[in-house]
Amino acid sequence: MRSAFYITVDDGYLGIGLAQARRLQRLWQIDVHVFVEGAGGVTRDEDGAGGIFLHRNLMQDLIPQGLPATDSWPRIVYGRIFAPYLLPQYDRLIYLDADIFPLTHAPEILEIDLPGGLAAVQDAATIGAAPRSAGDKSRAAWLRARGLASDRYFKAGVMVLDRQAWT
């Protein structure tokens, strides 16, 4: 099974994303793709020296215009959904936010059965209660404020994907 990590960042987090990519590649010995969406407008791929691939502005046409975005939720966050379309050479993909720091190599993650094509980490801060940032809102009110009709919610900062099922 051919596997890789991918990270999506904007120019402000590029340094963190590349540092994370170098660490992941050394620890896991698999390819790491860093997708950077920024103001530059230049589209390019870098060749993957040392198993790290840098992709600049390749998702401009994949991420639909008009999606909700804020300073704390910029347009690039949608890249985690669309980047797998640009990685057809892999069977299994692990998405990580640039600030997620795996402490060990855990290859068993790559073998998890994914009948629905996706595995993700449940957001521990929202199990049974709204996060502190929600103030006095109940968990149900906090979920509704995000447009969620179900109480089933996961932290999209860590996802394991069967690329074919996902795309």
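These are my notebook entries on what I looked up in this structure.

**Entry 1, the model and its elements.** I noted at the outset that this is a predicted model. I then went through the secondary structure and found 4 helices and 7 strands in the protein chain. Read from the N terminus, I have the order of elements as β-α-β-β-β-α-β-β-α-β-α.

**Entry 2, overall dimensions.** I looked up the radius of gyration, which is 17 Å for the protein chain, and set it beside the value near 15 Å that a compact globule of 167 residues would have; the two agree. Along the principal axes, the box filled by the C-alpha atoms is roughly 50 × 40 × 30 Å.

**Entry 3, burial, contacts and surface.** I find 41% of the 167 residues in the protein chain buried. Taking the contacts with a separation of 6 or more, I see that 64% of them are between residues 24 or more positions apart. The accessible surface of the chain is about 9400 Å², and carbon and sulfur atoms account for 54% of that area. For the charges, I looked up the mean positions of the 17 positive and the 19 negative ones, which lie 5 Å apart.

**Entry 4, an aromatic pair.** I counted 3 aromatic pairs in the structure. For one of them, Phe5 with Trp28, the ring centres are 5.0 Å apart and the planes stand at 90°, so I record the pair as edge-to-face, the cut-off for that being over 60 degrees. This pair links distant parts of the chain, since Phe5 belongs to strand 1 (residues 3-9) and Trp28 to helix 1 (residues 14-28), with the two positions 23 residues apart. Both Phe5 and Trp28 are buried.

**Entry 5, Ser3.** I next turned to Ser3, which is also found in strand 1. Ser3 has a relative accessible area of 8%, and I therefore enter Ser3 as buried, the limit being under 20%. Setting aside the neighbours within four places in sequence, I list Ile30, Asp31, Tyr90, Arg92 and Leu110 as the residues in contact with Ser3.

**Entry 6, two positive phi angles.** I looked up Gln29, which is not a glycine and yet has a positive phi of about 60°. Gln29 sits in the loop between helix 1 and strand 2 (31-36), and with a relative accessible area of 57% I count Gln29 as exposed. Asn57, likewise not a glycine, has a positive phi of about 55°. I place Asn57 in the loop between strand 4 (52-56) and helix 2 (79-82); Asn57, at 2% relative accessibility, is buried, whereas Gln29 is exposed.

Definitions and conventions:
Residues are numbered from 1 along each chain as its sequence is written. This is a predicted model: local features need pLDDT of at least 70, side-chain atom pairs count only at pLDDT 80 or more; totals for chains, interfaces and linings use all residues. Side-chain values use heavy atoms; hydrogens and water are left out. The radius of gyration is taken over C-alpha atoms; the globule rule is 2.2 Å times the number of residues to the power 0.38. Buried means under 20% relative accessible area, exposed over 50%, partly exposed in between (1.4 Å probe, protein chains only). Contact means heavy atoms within 4.5 Å. Accessible areas come from the Shrake-Rupley method with a 1.4 Å probe; for residues, only the protein chains shown count as cover. Lys and Arg count as positive and Asp and Glu as negative; His and the chain ends are not counted. The place of a charge is taken as NZ of Lys, CZ of Arg, CG of Asp or CD of Glu. Rings of Phe, Tyr and Trp (its six-membered ring) pair if their centres lie within 6.5 Å; planes under 30 degrees apart count as stacked, over 60 as edge-to-face and the rest as tilted.
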